[in-house]
Amino acid sequence: MGGPTLEMEPVEPQSLKKLSLKSLKRSLDLFSPIHGQFAAPDPESKKIRMSHKINVEYGGIKTAPAQPSGRVDSGAGNQGSAPSNALALTGPADSRNSQKEGAQNALVVGPSLKPKGQNDVGNSGKSTAITSASAPFSERLTTSAIIERIPSKWPRPVWHRPWKNYRVISGHLGWVRSVAFDPSNNWFCTGSADRTIKIWDVASGRLKLTLTGHIEQIRGLAVSSKHTYMFSAGDDKQVKCWDLEQNKVIRSYHGHLSGVYCLALHPTIDILLTGGRDSVCRVWDIRTKMQIFALSGHDNTVCSVFTRPTDPQVVTGSHDTTIKFWDLRYGKTMSTLTHHKKSVRAMAPHPKEQSFASASADNTKKFSLPKGEFLHNMLSQQKTIINTMAVNEDGVMATGGDNGSLWFWDWRSGHNFQQAQTIVQPGSLDSEAGIYALSYDVTGTRLVSCEADKTIKMWKEDETATEQTHPLNFKPPKDIRRF
């Protein structure tokens, strides 16, 4: 126990503040020995580094000799100023960066430029100017500041006269569900929920004939341009061929398992197409009454169909939200368009152009033919179930909704230039304002709408309207939604 005792050195009492300051000083000493200054640059290594970087990015570099601080080269003085499209990176931040890295050289990018002094001197007297007057665009530096703003390429709509209702025809005892015009443009026929087909005079609107034979509402009508035949289809699963010389049914086409919702005649071949609630579009030989094909592939009701003389000869729209193109030789699907989110209840091909439009509760869309490329959406949304649509040769498209709205569109641009609202017949409910069928006459100057208030309304252009009285209120869209 008698060994020497170790005496502890007295520890200097330190406050928390003093310890913190000591710790901060130690950190500064470790990480930044010379405060506010940077280490001496190594010009040789910088030159190698920068030349490699520029070579990789721009494929060619020439280094101009460094300029002393504050002096302007006489060559640059003769030139006046740097080229107009030179991009000088000599803002406060850039001059700091060049100071940090010890930028001693001016960089001139472009294979054909000779190194010349630049009069672009930054805060520190050193500059990094990148000039690309003769370099192709792909080799230039691009920033958001120099990107050219592209003006809207959206086509300006053609001015159309507004349409007005000039005649209301009453006669049916139920909802009017379908309409078709005679190719001679003398009469048109309408099919109704009262199970009759009525034929009306186009000029006067007088009733010419009433045909009975269906036992349910008639949803589809078509008049042949080659024969004296009219075709009808309805919820009673029946498809009938009427001889208009004898005013009676001469053929019936049996095969549908449920109601038939749409009907179309091929323009060049003697075949008939019908689509219905059995999710199938059936192809019939008109003369033999034989079913040629059952075009199956849809998962829900086929509610719209149109035909063309060239491929795709059959196009169908369905409640399963898809549009299908069919190969008529093999009865197979050529392609399926899945752009819509809701049932495709109406489609209309343009009478002249190779394109068609389809309408759904989500949007009205335009597609090209024969490939079916999506072109664009119409620029407004009708925000209702669209039951029917029609297009004339002047590029006026009409769409009829469940709420009685009849909207007119410019085909080329998709601009909605008129929003009409049908007026229900006195005694009908406001909820009976639905439009179920639309058709232009052969000339495209009259429009017939078939409605839920049991009337047929006829529309024509307002002849008194001018561009001054009804100006075009159009703003090109800023962004176009693809779907």
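In which loop is K289 found?

**View 1. The loop that holds K289, a residue with a positive phi value.** In this predicted model, K289 is found in the loop between strand 16 (280–285) and strand 17 (291–296). The phi angle of K289 is near 65°, which is a positive value in a residue other than glycine. With a relative accessible area of 41%, K289 is partly exposed, since this class covers the values between the buried limit of 20% and the exposed limit of 50%.

**View 2. The loop that holds R195, a residue other than glycine with positive phi.** R195 lies in the loop between strand 7 (187–192) and strand 8 (196–201), and phi is near 70° at this residue. The relative accessibility of R195 is 45%, so R195 counts as partly exposed.

**View 3. The tilted aromatic pair of F231 and Y253.** The structure holds 13 aromatic pairs, and one of them is formed by F231 and Y253, whose ring centres are 6.5 Å apart and whose planes make an angle of 45°, an arrangement classed as tilted. Because F231 belongs to strand 11 (residues 229–234) and Y253 to strand 13 (residues 248–253), the pair ties together parts that are 22 residues apart in sequence. F231 counts as buried, at 0% relative accessibility, and Y253 is buried with a relative accessible area of 0%.

**View 4. The edge-to-face pair of F367 and F374 and the cluster around this pair.** The rings of F367 and F374 form an aromatic pair with a distance of 5.7 Å from centre to centre and an angle of 70° between the planes, which is described as edge-to-face. Both F367 and F374 are buried. These two residues belong to one aromatic cluster, which they form together with F306, F325 and F356.

**View 5. The surroundings of F367 in strand 24.** F367 has its place in strand 24 (residues 364–368) and is buried, with a relative accessible area of 0%. When its neighbours within four places in sequence are left aside, F367 is in contact with residues including I323, L337, H339, H340, S355 and S358, and the contacts of F367 also include F356 and F374, both of which are members of the aromatic cluster. Q354 and F367 are 13 residues apart in sequence, and the distance between them in space is 8.9 Å, taken from C-alpha to C-alpha.

**View 6. Two cis peptide bonds, D311 to P312 and L369 to P370.** D311 and P312 are joined by a cis peptide bond with omega at about -10°, and P312 is found in the loop between strand 18 (302–307) and strand 19 (314–318). A cis peptide bond also joins L369 and P370, where omega is about 5°. P370 has its place in the loop between strand 24 and strand 25 (374–377), and strand 24 is the strand in which F367 is placed.

**View 7. Charged side chains over the faces of Y261 and Y166.** R219 lies over the face of Y261, at 3.9 Å from the ring centre. K460 lies over the face of Y166, where the distance from the ring centre is 4.9 Å.

Technical notes:
Residues are numbered from 1 along each chain as its sequence is written. This is a predicted model: local features need pLDDT of at least 70, side-chain atom pairs count only at pLDDT 80 or more; totals for chains, interfaces and linings use all residues. Side-chain values use heavy atoms; hydrogens and water are left out. Rings of Phe, Tyr and Trp (its six-membered ring) pair if their centres lie within 6.5 Å; planes under 30 degrees apart count as stacked, over 60 as edge-to-face and the rest as tilted. Helices (H or I, at least four residues) and strands (E, at least two) are DSSP runs, numbered from the N terminus. Buried means under 20% relative accessible area, exposed over 50%, partly exposed in between (1.4 Å probe, protein chains only). A charge sits over a ring if NZ of Lys or CZ of Arg is within 6 Å of the ring centre and within 35 degrees of the ring normal. Contact means heavy atoms within 4.5 Å.
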